[in-house]
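Hi everyone, thanks for having me. Today I'd like to walk you through a structure, one piece at a time, so please have a look at it with me.

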Amino acid sequence: MTHTIVAGLGCWLPPTVVTNADLMAPEMDAFVRRRIGIAQRHRISDGAATVHLATEAGARALASAHTEGVDALILATTTPDRLCPAGAPEVASRLGMTGIAAFDINAGCSGFLYACELAKGLIATGTAASVLVIAAESTSTMVNPADSSTAPIFGDGAGAVVLRGARPGQAAALGPTVWGSDGTLADAIAIPAGGSRQRAASPASDGNDLYLHMRGTEVLRNAVRRMKAAATGAAAAVGWDLSDVDVLIAHQANGAITTALAAALPFPLARMPSNIETIGNTAAASVPILLAQAAADGTVKAGQRVVMVAFGSGLSWAATTATWPQDVTPCS
């Protein structure tokens, strides 16, 4: 079986920065900083959408991989530009790759790791020699600005990797993915209206059915439990104990979840990089953005053992491992 390695890495954050002071009163600012760990987030500007973020991040991953094209493109997003068609074909064409296989997946905040597992399958079977995996989110467009439980949390951005088959002698491969879902809690993180079940907001909701709803306490409890099990299982699948892991890249849901996960594993917070203070929760894009930033600033180094883990709507969760390769430099 052909093993898969990371050959390129990139991310993109839209230039508009929205601080807590722009959104809320000083007392709420203090609460959000203390309880959620967020001080600012990036937001797309008028006229921009998820495909624009995805194209920017994809271009940087391709440049990092020193290639102009791949055989397939997978876009992980919970915030598509439109219900139909998928955004991936448009992203591929914007990147000069019209004609390749391109499709979207939606696995919530776990979407990037789900997409990577699909890409690994394409490579292992010989269907594709290389795959561009992009996670892009315009989550700020899906939250009600008046909802203090969601509006301060989410930001916009995209991260991407180029995956390809390992050459003989290359040992820095992605490990098996531990993943799962629990549809009995499908409404714990959900946008009630807009799909086939309910096309429009109900009159009684004042349009709020078109925005994201989240049951925070239930999400926190399940996120910690599921990410703990997935991260531990992914490490064990390649013969690692968590004490062998150099860096844990965890989905940046909020600061409380990251702290609780570190305590539950247990794993040193010092080896769990975080960017939630400056970019907020970017949903499926969270893991690849953090990975790209950690690789760029030297937190993730060649030869280190890395675990990536995420949890999101669905409910869904996933974790995988990587021994970081020698020759990957993120393109900013």
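Let's begin with one pair of residues: tryptophan 12 has alanine 158, in strand β7, as its bridge partner. Keep in mind as we go that this is a predicted model. That pair belongs to a wider match, since β1 and β7 (residues 156-165) are joined by eight bridges and run antiparallel.

Now zoom out a little. Which strands make up the sheet that these two belong to? There are five of them, in the order β1-β7-β6-β4-β5, forming an open sheet with mixed pairing. At its edges you find β1 (4-12) and β5 (101-105), each of which pairs on one side only. If you ignore direction, neighbouring strands here are turned by 15 degrees against each other on average. Packed on this sheet is helix α3 (residues 50-64), which touches β1, β4 (72-76), β6 (130-138) and β7. The direction of α3 makes about 130 degrees with that of β1.

On to another sheet. Here four strands line up as β8-β13-β12-β11, again open and mixed. The edge strands are β8 and β11 (247-250); each has a single partner strand, so one side of each is left without a neighbour in the sheet. The twist from one strand to the next averages 15 degrees. Four bridges hold β8 to β13 (residues 316-323), and the two run antiparallel. Within that pairing, valine 178 has alanine 319 of β13 as its bridge partner. Helix α9 (residues 286-296) packs on this sheet, touching β11 and β12 (305-312).

Next, a residue in a loop. Aspartate 182 sits between β8 (178-181) and β9 (189-190). Is aspartate 182 buried or exposed? Its relative accessible area is 15%, under the 20% cut-off, so aspartate 182 counts as buried. Leaving aside neighbours within four places in sequence, aspartate 182 is in contact with Arg226, Gly314, Leu315 and Trp317. Take leucine 315: it is 133 residues away from aspartate 182 in sequence, yet their C-alpha atoms are 5.0 Å apart.

Last, two helices. The axes of α6 (residues 216-237) and α7 (residues 255-264) come within 9 Å and cross at roughly 40 degrees. That angle makes α6 oblique to α7, and the crossing is right-handed. On the α6 side the contact is made by Leu220, Ala223, Val224, Met227 and Lys228, and on the α7 side by Ile257, Ala260, Leu261 and Ala264. Sorted by class, that contact has eight nonpolar residues, one charged and no polar.

Thanks for listening!

Note on methods:
Residues are numbered from 1 along each chain as its sequence is written. This is a predicted model: local features need pLDDT of at least 70, side-chain atom pairs count only at pLDDT 80 or more; totals for chains, interfaces and linings use all residues. Side-chain values use heavy atoms; hydrogens and water are left out. Axes are lines fitted to C-alpha atoms, for helices over the stretch in contact, and angles run from 0 to 180 degrees between N-to-C directions. Angles under 35 degrees count as roughly parallel, over 145 as roughly antiparallel, 65 to 115 as roughly perpendicular and the rest as oblique. A crossing is left-handed if the near helix is turned anticlockwise from the far one by less than a right angle, and right-handed if clockwise. Contact means heavy atoms within 4.5 Å. Ala, Val, Leu, Ile, Met, Phe, Trp, Tyr, Cys and Pro count as nonpolar, Asp, Glu, Lys and Arg as charged, and the others, Gly among them, as polar. Two strands pair if DSSP finds at least two bridges between them. Buried means under 20% relative accessible area, exposed over 50%, partly exposed in between (1.4 Å probe, protein chains only).
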